[in-house]
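User: Hi! Could you walk me through this one? I'd like to go through it bit by bit.
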Amino acid sequence: MNRRTVLKGGTALAAMTVAAPAIAQSSKWPAREISLINPNAPGASTDLTARIIAQALEKRLNATVIVKNVVGGAGALGPTTLAQSAPDGHTIGLVAISSHIAVPNMMNVAYEPWKAFDIIGQVAALRYGIGAKADGPIKSIEDLVNQGKQKQLTYSSNNVTNVVAMFQLAKLSGAKLRWVVFPGGVESVTAAIGGHVDAVIQTVTEMRPQIEAGKLRFLASAAEARWPDYPDVKTLRELGYNAVSNGPFGYAFPTGVDPAIKERMDKALADVMKDESVTSQITKLGIQAIYRDGKEYGELLKKIEVELVPILKETGMAKKPA
């Protein structure tokens, strides 16, 4: 027998042997419930969105999808838990600016953000806005800027992701604006309406109840577009300041999941995001429903990294080099 033929046949047999477990694994998936890890507390914008997505995925995967709130570690516990989960397709989790950029650049984490995850796709983007106490002295962004040039003003928020627009606004205008960190979005809004800080930058979910109650004045959208809820309120860019806070979020597997399983989940999520009944529920939360596949979403996060890391360094929030 020709030795080359033997080797060729042996190689093919070996390849079939290696591929067999993967094929078997993907054909049995999902074999049990799927966990969706969310690093934020129950009731937060990302948590409510996750529950909408989980319910929609259940119908398409014929499996139970359970949202698990893994809160702690200054936002690091959720992505760390995801990164360390078995890559068997039964654990997915939220990935965003916090998991890939903010947290890894502010503290030491037990995962490599650009290697630990297989991104499935983006599902939404938080809309940020700037507000102030309704009966306070700040009635517009110009008031905020002008008063900030005369003395240092404070503003509240719970996450470095939120405040990019405020850092940009301060730099562009020359206003002295100091960030005061609060443990949650609701607390940061409460601080503003109580007069403990001069302004707040936060999401629709946390701000809208107080705007509608007449306690918070909505000064400007810090998103790329106006809020649909308040179409007459301009964006910072429309007011002449090229400042914006981006809040995209989506989901990923831990690295190493069978490509066949990854492909099925990719298609399921894409299908979910074509469903108007799903996107309308997300929109009602005050969140922009927007889908990007894994490649596109990864590229977006890379772009945001270029903008955010210098801000972390400039403000002293970036971790010191080892």
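User: To start, in which sense do strand E1 and E2 pair, and over how many bridges?
Analyst: Happy to help, and bear in mind that this is a predicted model. Strand E1, residues 34–38, pairs with E2 in the parallel sense, over five bridges. Within that pairing, Leu-36 stands opposite Val-67 in E2.

User: Nice. What is the strand order in the sheet?
Analyst: The order is E2-E1-E3-E10-E4-E11, six strands in an open sheet with mixed pairing.

User: And which strands stand at the edges?
Analyst: Those are strand E2 (65–69) and strand E11 (288–293). Each has a single partner strand, so one side of each has no neighbour in the sheet. As for the twist, from one strand to the next it averages 30°.

User: Which helix packs on the sheet, and what does it touch?
Analyst: That's helix H9, residues 259–272. H9 touches E1, strand E3 (91–96), strand E4 (117–125), strand E10 (248–254) and E11. The direction of H9 makes about 5° with that of E4.

User: Let's look at E10. How many of its residues are buried?
Analyst: Seven of its seven residues are buried, so to speak of E10 as mostly covered is fair.

User: How does E10 pair with E3 and with E4?
Analyst: E3 and E10 run antiparallel and are joined by four bridges. One residue pair to look at there is Val-95, with Gly-250 in E10 as its bridge partner. E4 also pairs with E10 in the antiparallel sense, over seven bridges. For Ala-124, the bridge partner in E10 is Phe-249.

User: Changing topic: how many aromatic pairs are there?
Analyst: The count comes to five. One of them is Phe-218 with Trp-227, a tilted pair at 4.2 Å centre to centre, with 35° between the planes. Both Phe-218 and Trp-227 are buried.

User: What about Phe-218 and Tyr-230: why is that pair edge-to-face?
Analyst: Their planes are at 70°, and over 60 degrees counts as edge-to-face, so that's the class it gets. The ring centres are 5.5 Å apart.

User: Where do those two sit along the chain?
Analyst: Phe-218 is in strand E9 (residues 216–221), while Tyr-230 is in the loop between E9 and E10. They are 12 residues apart, and the pair links distant parts of the chain. Phe-218 and Tyr-230 are both buried. Ring pairs also link Phe-218, Trp-227 and Tyr-230 into a cluster.

User: Good to know. On to the helices: how do H5 and H6 cross?
Analyst: The axes of helix H5 (residues 141–150) and helix H6 (residues 164–173) cross at roughly 65° and come within 11 Å. The crossing of H5 past H6 is right-handed.

User: Which residues make that contact?
Analyst: From H5 there are Leu-144, Val-145 and Lys-149, and from H6 there are Met-166, Leu-169 and Ser-173. By type, the contact residues of H5 with H6 divide into four nonpolar, one polar and one charged.

User: Last one: is Ser-45 buried or exposed?
Analyst: Ser-45 is buried, with a relative accessible area of 5%, and the cut-off for buried is under 20%. Ser-45 lies in helix H2, residues 45–61.

User: And what does Ser-45 touch?
Analyst: Leaving aside residues up to four places away in sequence, Ser-45 touches Leu-126, Thr-203, Thr-205, Glu-206 and Ile-287.

User: Great, thanks!

Technical notes: Residues are numbered from 1 along each chain as its sequence is written. This is a predicted model: local features need pLDDT of at least 70, side-chain atom pairs count only at pLDDT 80 or more; totals for chains, interfaces and linings use all residues. Side-chain values use heavy atoms; hydrogens and water are left out. Axes are lines fitted to C-alpha atoms, for helices over the stretch in contact, and angles run from 0 to 180 degrees between N-to-C directions. A crossing is left-handed if the near helix is turned anticlockwise from the far one by less than a right angle, and right-handed if clockwise. Contact means heavy atoms within 4.5 Å. Ala, Val, Leu, Ile, Met, Phe, Trp, Tyr, Cys and Pro count as nonpolar, Asp, Glu, Lys and Arg as charged, and the others, Gly among them, as polar. Two strands pair if DSSP finds at least two bridges between them. Buried means under 20% relative accessible area, exposed over 50%, partly exposed in between (1.4 Å probe, protein chains only). Rings of Phe, Tyr and Trp (its six-membered ring) pair if their centres lie within 6.5 Å; planes under 30 degrees apart count as stacked, over 60 as edge-to-face and the rest as tilted.
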